[in-house]
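Me: Hi! I have a chain to look at and a few quick things to ask. Could you go through it with me?

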Amino acid sequence: MKDQYKTRKVLIAENDDLRRRILELEQTSADEGNRRSERTRHRSSDSGSSYQALFRYSNDAILLTQPDGTILDANPAACEMFGRTLEEIRSLGRNGLVDRTDPRLHEALSDRARKFAARAEITMLRAGGDKFPAEITSAVFIDQNGQQKTSMIIRDITEKRRAEQDYRTFFRQMADGFVVQEILRDGEGMPRDYRIISVNPAFARMTGLQAEKIIGRTVVEVLPDSEWHWPETLGKVALSGKPAVFEHYQQLLDKYFVVTVFQPLPDQIACIFTDITDRKRAEEELHNHSTYNRSLIEANLDPLVTIDPSCKITDVNSATEQVTGYHRQEMIGTDFSDYFTEPEKARQVYQQVFKEGMVRDYPLEILHMDGRITLVLYNATVYHDGSGRIRGVFASARDVTGRKKAEEEKAKLEAVNRQLRKSASLGRMAGAIAHHFNNKLHVVMGHLELARVNLARGDMCSNNLNVAMTAADEAAEMSKMMLTYLGRVPGDQTLLDLAAICRTGLTVLQESMPKNVFLETDLQSVGPVVLANAKQLRQIFTNLVTNAWESAEENRALVIRLATRTVPVDAIPLAHRFPIAWQPEAGTYACLEVLDNGCGISETDLQELFAPFFSTKFTGRGLGLSMVLGLVQARSGVVTVESSLGRGSAFRVFLPVAAEGGAERAGDTTSAMAGRPAGKILLVDDDEIIVDITSMMLVRLGFTVLSAGDGIEAVEMYRQHRPGICLVLSDVYMPKMNGWETLSALRRIDPDIPVILISGYSEEQVMEGDHPDLPQAFLGKPYSFEVLKDAIRRALQDTSGYESYRGLLEQTGT
């Protein structure tokens, strides 16, 4: 009851003062005709200005409200606390700023209604709905117009609650005993005894005194035989507020303690008990034998050193000997700063210890006699003799070399992650560009081919169209290169001898090789054998050799060494692997090695070496190495690079060695279909230009074309014209219903309908994943008449209606 009375008096006093300031502020804004004397005016103005400054610059949020919760005004601190503007706060009102589910809100409002003032802790809401604990002081006052208003002072106590939680955790878990006592005073205000109000588990463990048996009792009651200086020391701390540290022997417990006494609150004393009984016993025993206690020092794994006031070493432990390489006797008497990479920095920390009494986590580098460096954090403090004079500095060093390396490794991993994200983004971009590029290129090539067929052979336009067609073919090849870089590589795979592939390609390469380039080979007579595509292997080999001879410097002979061998997975270099996220899948790998003594590659360029269109040469498309990476990646392999400027480069391609027997070549996908008439083809694509040119090509092949703009329209059209449709050509990526969904819907109607899927993306990318239904063939845009005819032939070759247009489809020309 006494505490409640004191709290109420404080709240009323605080809110009376706030109400007085508000009334004074309103008085200053009254009509000037009603002002009082000049002296009264100055006083009122000063008071109003003071309140305005308090309201505006207060660190606590202040709200002026009506009893019903309507907010009249809010200071800048309130806007910042709630993350809202003044207008938003006014429009929300009190209910928009508090957690209405908090039961303490109703209690606070009820308390304020009864007492005209209240203090409480409730949960508030920031913009976005974040909740936070707040301490609220609220009061009701009457303004100059006689209207009842309220004020609210709000303080965010998030950090306070976190600190209290940390304190409670620390209080429970600290190894030292902790006791909090209430000061009991006599009639003159002098301390006479101390009532125990809280102890931590460690105190109970070290003393055997259970909390429930001593809380509420006084020190004299619990420890009646305390030494005379114990209450005297507590009294000095209680009167002066200055902390004290002393050793205490408790006869009842037969234990020694170091006791730290301080005053956390005006009416409280706190004591930290560190049990030093074991240490005291050891000191007594060692003293009896006249030996110096080094056991504690030598048992420490951290380097420890004592230094006198002149910065000379007086003692070290064995850990210091190990980290410096010097014997203890060699170090004693030498300058402390001599054993660091930065002696001046070491001297500064030593001086700081004498000035401030201690330092914490000061970074230094210890220099070993053989040149090795150990990163440490130094902690040091001064120590005194029996008379209190400073004898020197005691310092310990914590080795953080491993932590530093871990931080560096983390930075490297973050760099790798950034590179992976960059590669993924580039891959998406390249795939999308190739898709759209192929769509448009298909239209160009189709029209060119139709125009070329329709023109007479001797017409000059025919020659122009042939040139345009050649350029379109080259553009299509460029698009295929981009998809190759992404590792989306079509083509059959078979068991191939890597060395034999290289020998076959050497003949062509040597004819075009510059005169100042000399080729040396170390190719195995047989093997290693890999599961791959012969054309793609030759591309890898050719691009790597070409890249090597382009590194030749003027007036200097270039030697390229080509070799093949088989290596275990742990022999693959770890540095500069591409792709960087590659993980081995096999135990043994075939290695194709291309070394040169050319100009070399800088570290910066190494990171960008396989990026599309990156080139350090004046000429070239910058796609050679990009294609190498894509082809290797498609075969689950990796490329490694070693290079230095002026010394040449080493490119090594690692591909999994094929298991015995290998994989059989996949045959063409066909369906056994019978009884289907020939004639009509259903073409499905959302691009009208694609539909137009493809329809022209199909009509020229002798088919009737039905077209649909999406999968839903295609399914409905197939239902209407089913008896006459012999084949469906469908784009893969369409709105509403894509090509895969259209294929499944058509197969539910007719399981035997032949379907060809078409896309500007690669076949590997389109076929990725599990699909319940598969097409008879795939067409990659752009495609020619011959490619289109071949796909239709493969899709229809087992149908009964095939004979009716077999002659047309088997013609070699268009």
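Me: Let's start with D111: buried, partly exposed or exposed?
Reply: Happy to help! Keep in mind that this is a predicted model. D111 counts as buried, at 15% relative accessibility, because the cut-off for buried is under 20%.

Me: And what does the D111 side chain meet in a salt bridge?
Reply: That would be K115, at 3.1 Å from N to O. K115 counts as partly exposed, with 32% relative accessibility.

Me: Where do K115 and D111 sit relative to each other?
Reply: Both are in helix 5 (residues 103-115), and because they are four residues apart, about one helical turn separates them.

Me: How many salt bridges are there in total?
Reply: The count comes to 28. One of them joins the side chains of R126 and D156, 2.4 Å from N to O. R126 is in the loop between strand 3 (117-125) and strand 4 (131-142), while D156 belongs to strand 5 (residues 148-156), so this pair ties together parts 30 residues apart in sequence.

Me: How accessible are R126 and D156?
Reply: R126 counts as partly exposed at 26%, and D156 also counts as partly exposed, at 28%.

Me: Which residues are linked in a salt-bridge network?
Reply: The network links D522, R561, R565, E593, E642 and R652.

Me: Switching to sheets. What is the strand order in the open sheet of five strands?
Reply: The order is 7-6-10-9-8, with antiparallel pairing. Strand 7 (191-199) and strand 8 (244-250) are the edge strands, each pairing on one side only. On average, neighbouring strands here are turned by 35 degrees against each other, ignoring direction.

Me: How many bridges do strand 8 and strand 9 pair over?
Reply: Seven, in the antiparallel sense, with strand 9 covering residues 255-262. Y249 stands opposite Y256 of strand 9.

Me: Which residue is in contact with both E247 and Y256?
Reply: K280 is in contact with E247 and Y256, leaving aside neighbours within four places in sequence. You'll find K280 in helix 11 (residues 277-288).

Me: Is K280 buried or exposed?
Reply: Buried: the relative accessible area of K280 is 16%.

Me: Last topic, cysteines. How many disulfides does the structure hold?
Reply: Zero.

Me: OK, then where do C311 and C599 stand, buried or partly exposed?
Reply: C311 is buried, with a relative accessible area of 7%, whereas C599 is partly exposed at 31%.

How values were computed: Residues numbered from 1 in each chain as written. Predicted model: local features only at pLDDT ≥ 70, side-chain atom pairs only at ≥ 80, totals over all residues. Heavy atoms only, no water. Helix = DSSP H or I, 4+ residues; strand = E, 2+ residues; numbered from the N terminus. Buried < 20%, exposed > 50% of the residue type's maximum accessible area, 1.4 Å probe, protein only. Contact = heavy atoms within 4.5 Å. Pairing = 2+ DSSP bridges. Axes fitted to C-alpha atoms, helices over the stretch in contact; angles between N-to-C directions. Disulfide = S-S within 2.5 Å. Salt bridge = Lys/Arg side-chain N within 4 Å of Asp/Glu carboxyl O.
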